[in-house]
Each structure stands twice: as C-alpha cells, then as structure tokens.
Amino acid sequence: MNTLTGTRILVRLALRLDRVRLTVWIIGLAVMPMGTAANYLKLYPTQADLDAVTGVLANPSLVALSGPLFAKSIGALTTWKIGATEFILVALMSLLTVVRHTRTEEETGRLELIGATVVGRRAPLTAALIVAALANLAIAVLAALGLMATGLPVAGSVAFGLATALVGLLFAAVAATTAQLTRSGRAASGIASAVLAGAYLLRAVGDTGPTWLTWLSPLGWALHLRPYADERWPVTALSAGFSVLFAAVGYVLVARRDVGAGLLPERLGPAQAAPSLGSPLALAWRLHRGLLLGWLVALLLTGAVMGGAAAGIADLKSPNQQLTDILTRMGGSAGLTDAFLAAIFGIIGMTASAYTIHATLRLRQEETAGHAEVLLATPVGRLRWAASHLVFALLGTALLLAAAGVTGGLAYGAQVHDIGGQFGRVLGAALVQLPATWVLAGLGVALIGLAPRVSTAAWAGLIVSALLFELGALFGLSQWIVDLSPFAHVPKLPGSAFTAAPVVWLVAVAVALGAAGLAGLRRRDIPQT
C-alpha cells in the first residue's frame with residue numbers, strides 16, 4: 001500500500017473538524033494588517049507627519065520589541081507595528097494545527113483506528129501539513145489583497161503576505177518533527193512553541209546587538225524580507241528551505257517509530273510509587289513540572305532581555321506628540337520609559353496566560369484520556385482533583401510573572417545603576433498582570449465544567465483579549481469593546497498610581513467563572529466526550 005493512501009480523505013476530515021477554528025484564525029490574521037494600515041493612513045496623512053514619527057523608531061528598545069523600521073512609509077510602519085505579532089500568531093496556528101491532527105489524534109487512539117483502514121503510514125502527517133499550508137495560503141492571499149485595498153504598493157503587500165505564509169509553513173514543518181519525538185501532544189506543542197520563543201529572543205537580541213543572531217531566527221528572516229522597503233526576495237529561500245528540511249525530517253521519523261510511541265526515550269518509573277505520590281497534588285506536580293520549568297526558563301530570559309532593552313528608551317527624543325501618545329497608550333503611564341516597561345510586561349502577562357490556559361486545560365485532557373475516571377474511583381473527590389491542577393495554573397503563573405519581574409528588574413536596574421530603586425517597580429509591573437491571567441484561567445474552568453466539548457475555546461479568549469488590548473485603540477474601537485479584555489483593566493505600572501479596585505474586580509470575575517465551572521464539574525458526567 002502506498003504510504004500516502006487516504007491523504008485526500010484525511011484532508012477533508014481535518015478541514016471539516018477545523019472549519020470554525022481555522023475560519024476564525026484566517027479572518028483575524030487577514031484583517032489585522034489591513035486594519036493597521038488603514039488606521040495609520042488616518043493618523044499620518046502627510047509625509048511630514050510620517051517622517052516625524054518614523055524618525056525615532058530606530059531606538060534600540062523599540063527595535064527589540066518590534067524589529068527594525070526599514071523605510072519611512074505607511075507600509076513599512078505597518079510591518080513594524082503588526083509584523084512580529086502576525087508572524088507569531090500564524091506560527092502558533094500552524095504548529096497547533098499540525099500537532100492536533102497528528103500527535104494528539106494518535107495520543108487519543110483515534111489515529112490507530114484510522115490506521116487500521118486503508119490509510120498509508122505518512123498520510124496523516126501529509127494531511128495535517130496540507131491543511132496548515134492551505135490555511136497559510138488563504139491568510140497570505142487575503143492579507144496581501146487587504147493591504148493593496150488600502151492603497152499600499154503591490155510588491156510590498158505580496159512580500160508581507162508571503163513572509164506570513166512562510167513563517168506559518170516553517171513552524172508547521174517544525175511541529176511535524178516535534179510530533180514524532182514524544183508521546184504527548186502537549187509536549188510536542190511545547191517543544192515547537194519553545195522554538196518559536198527562542199526565535200523571538202534571537203531576533204530581539206540580534207536586531208539590537210550581534211546582527212548575525214537575527215539570521216538564526218525565522219522571525220528575523222520574515223522581517224528582513226523588508227516588505228515596502230526594497231524587498232529582498234532571496235531571503236524567502238531560507239524559510240522555504242528549512243520548511244522542506246523539517247518536513248523531510250518529520251517524514252523520516254514517522255516511519256521509524258511505532259504508532260503511539262515517541263522517539264525520545266521514556267524513563268521507566270519504579271515498580272512501586274513513592275510515598276510522596278500519595279496525593280492528587282503530588283500527581284499533578286509530576287504532570288505539570290516539565291511544562292512549568294520550561295516556561296520558567298523562557299520567562300527568566302525574556303524578562304532579562306526586555307528589562308535590559310528598556311534602558312535605551314530614555315534616549316528617545318520625539319518631536320511628534322502623536323508618537324508619545326501611542327507609547328503612552330501602550331503602557332498607560334506618563335513617562336516613555338515607564339510606558340515601555342508597562343507595555344513590555346503587559347505583553348509578558350499575555351504570554352504567561354498561554355501557560356495558564358495550557359495548565360488549566362490539563363483537567364480536560366486528563367478526563368478525555370480516561371485518567372480522571374480512574375483517579376475519581378478512589379476516595380479523591382472531584383473538587384480536590386480539580387484543585388490539584390488549578391494550583392499549578394494559578395500559582396504557577398504567579399511564579400512565572402515573578403521570575404520575569406525579578407530578572408527584568410535586575411537587568412533594568414543594572415543598566416540605569418539603580419537596582420534598589422527600580423527592582424520593586426519592575427517586579428510590581430510584572431505581578432500586577434496576575435489577576436488578568438486568572439480571569440482566563442476562570443474562563444477555562446467555566447468551559448470545562450459547563451461546556452467541556454468546546455473547552456479549547458479558552459485559547460480564543462486569550463487571542464481575542466490580546467488583540468483587543470494591543471490593537472483596539474489603534475483600530476478606533478469603542479472603549480467598552482476594548483474593556484472586554486481583562487488586560488485593559490490592569491493598573492499600568494510602573495509610572496501610574498496603583499488602584500486596587502480593578503484588581504479586586506478582576507479577581508472577583510475569575511472567582512465567579514471558576515466557581516461556576518467547578519459547580520458544573522461536580523454535577524456533570526465524567527468522562528463527557
């Protein structure tokens with residue numbers, strides 16, 4: 001039998017299963033660049049306005065955040081503002097799609113049932129890559145057409161769309177490889193996401209320091225295609241070449257392992273469990289520790305890099321009040337340095353929320369895998385079981401934000417020679433994000449308890465919250481719409497006065513959502529598929 005037999009049917013099945021999910025991704029990622037460009041055309045109607053704002057964006061702190069600005073044009077400014085966000089989101093969409101239709105399907109046993117029919121060994125992986133490629137192609141075409149519709153040059157619009165698609169294809173191929181390494185879909189997604197985080201940090205450091213580091217990052221390749229700034233088309237060969245390489249590795253590895261197994265060796269535990277594993281909390285620690293430790297390392301590095309970069313914002317002298325207003329809206333405080341720090345830790349808070357949701361949804365994964373049913377057959381109650389996982393979702397996020405705040409405060413304080421004065425301010429800017437992340441944890445618990453079949457919609461909650469907070473003001477959305485994001489209510493520290501009321505309200509919302517979810521979990525059937 002041909003190893004690709006059944007690919008077309010699996011593609012149709014995947015498209016049907018993901019018809020809503022992918023539609024939301026495609027529309028959102030296609031509209032963002034067009035909306036950003038349209039609003040910049042309103043903000044900077046003349047070249048003089050544009051020159052005033054773009055002349056100061058070479059500041060190292062801003063370059064570390066969003067990349068270099070290669071030209072003084074609306075198109076280049078749009079790429080600077082939205083490019084990194086667009087590339088990260090399309091990478092996440094792609095890697096999650098591939099892992100979902102390969103390793104996750106295998107982990108749940110569905111792929112083994114499919115494999116018992118007339119389906120080739122490489123067909124599921126091929127189908128997943130085709131679906132990811134189709135989604136990326138749709139985003140590229142729609143984004144390019146949308147940018148052209150705003151009046152931007154055709155070549156730059158095509159370059160932006162192509163850069164977006166190539167990033168997505170590359171991380172789809174990376175996921176094709178990581179899906180062969182472990183038995184867990186979560187681990188496969190985690191490894192691919194770690195590659196993405198590393199690519200962002202390499203790009204940030206390379207664009208402000210040793211430039212060769214930028215050329216080790218797929219995000220750096222995408223930005224240095226230079227849409228709207230004398231496009232460098234040969235750069236696309238890097239992304240295309242490595243996409244082919246990682247996909248080829250995935251095809252080789254999928255044929256060299258057993259169904260349901262991963263290539264990385266699994267350490268066998270002792271024949272008898274240690275006394276320390278005699279509680280649900282201890283079991284939850286073993287399940288969460290790998291993910292938590294990986295995120296901890298990532299947030300430690302991110303805090304250090306961005307805290308160090310913040311010192312350079314003090315050198316920014318803007319002759320254009322509009323730029324000052326934009327930076328102030330990003331951070332919400334009076335000084336540019338404080339605005340930059342507040343914006344950075346707002347982004348770090350949203351990033352840490354991805355861990356929060358991942359850890360919260362472990363409850364649902366344990367249920368669908370059949371592990372929860374076995375555990376609940378013992379004297380362990382449902383609420384105690386749920387609490388053992390939520391401890392790591394809630395307190396684990398607090399640890400991550402504290403780690404970013406500590407390294408960020410030390411790095412920034414060292415740069416300005418005032419560790420004692422700045423450490424507490426920066427740490428506070430990190431920890432104040434915590435209530436907003438807990439709201440998303442509450443949303444996840446509510447979905448698990450009340451609507452378990454759509455519990456993964458918690459990820460949509462994070463994406464919508466992030467986009468509303470980051471782009472709502474730029475798009476001119478009504479304030480009540482922006483306020484739907486929990487991050488819009490976080491006190492903008494450092495620089496602004498701390499007010500307890502929004503923090504209390506965020507915690508109250510998180511508690512209400514969590515309580516509703518736990519009440520539903522106590523009453524519904526387990527497992528519910």
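These are my notebook entries on a predicted model of one protein chain.

**Ground rules**

I number residues from 1 along each chain as its sequence is written, and my side-chain values use heavy atoms, with hydrogens and water left out. Because the model is predicted, local features need pLDDT of at least 70 and side-chain atom pairs count only at pLDDT 80 or more, while totals for chains, interfaces and linings use all residues.

**Entry 1: the whole chain**

I began with the secondary structure. I found 22 helices and zero strands in the protein chain. Helices (H or I, at least four residues) and strands (E, at least two) are DSSP runs, numbered from the N terminus.

Next I looked up the radius of gyration, which is taken over C-alpha atoms. For the protein chain it is 23 Å. The globule rule (2.2 Å times the number of residues to the power 0.38) gives 24 Å for 529 residues, so the chain is as compact as a globular protein of that length. Along the principal axes, the C-alpha atoms fill a box of roughly 70 × 55 × 40 Å.

I then checked burial. Buried means under 20% relative accessible area, exposed means over 50%, and partly exposed is in between (1.4 Å probe, protein chains only). Of the 529 residues, 53% are buried.

Contacts came next; a contact means heavy atoms within 4.5 Å. I took the contacts with a separation of 6 or more, and 78% of them join residues 24 or more positions apart.

For the surface, I noted an exposed area of about 22,400 Å². Carbon and sulfur atoms supply 68% of that area. Accessible areas come from the Shrake-Rupley method with a 1.4 Å probe; for residues, only the protein chains shown count as cover.

Last came charge. The chain has 35 positive and 23 negative side chains. Lys and Arg count as positive and Asp and Glu as negative; His and the chain ends are not counted. The centres of the two sets lie 8 Å apart. I took each charge's place as NZ of Lys, CZ of Arg, CG of Asp or CD of Glu.

**Entry 2: helix H1**

Which residues of helix H1 are buried? In H1 (residues 7-17) I listed Thr-7, Leu-10, Val-11 and Ala-14. They cover an arc of only 105° around the axis, so they sit on the same side of H1. The arc is that of the directions from the helix axis to the C-beta atoms. A general rule helps here: an α-helix has 3.6 residues a turn, so residues three or four places apart point the same way. On the other side of H1, I found Arg-8, Ile-9, Arg-12 and Arg-16 exposed.

**Entry 3: three buried helix residues**

I picked Ser-189 in helix H9 (residues 185-208). Its relative accessible area is 8%, so Ser-189 is buried. Leaving out residues up to four places away in sequence, Ser-189 touches Leu-95, Leu-96 and Val-99.

Then I went to Glu-366, in helix H15 (residues 362-368). Is Glu-366 buried or exposed? Glu-366 counts as buried, because its relative accessibility is 6%. With the same kind of sequence neighbours left out, up to four places away, Glu-366 touches Leu-287, His-371, Ala-372, Trp-385 and His-389.

My third pick was Ala-430, in helix H18. Its relative accessibility is 0%, so Ala-430 counts as buried. Beyond residues up to four places away, Ala-430 touches Phe-345, Leu-401 and Gly-405. I also checked Tyr-251, which is 179 residues from Ala-430 in sequence and 42 Å away in space, C-alpha to C-alpha.

**Entry 4: Val-511**

Val-511 lies in helix H22 (residues 500-523). I marked Val-511 as exposed because its relative accessibility is 53%. How many residues apart in sequence are Val-511 and Gly-442? I counted 69, with 6.7 Å between them in space, C-alpha to C-alpha.

**Entry 5: backbone in the loops**

First, the general background. Most residues other than glycine have a negative phi, and most peptide bonds are trans.

I found a cis peptide bond between Leu-493 and Pro-494, with omega about 0°. Pro-494 is in the loop between helix H21 (479-482) and H22.

Arg-226 has a positive phi of about 60°. It is in the loop between helix H10 (218-223) and helix H11 (236-254). With a relative accessible area of 16%, Arg-226 is buried.

His-417 also has a positive phi, near 60°. It lies in the loop between helix H17 (382-415) and helix H18 (419-431). At 73% relative accessibility, His-417 is exposed.
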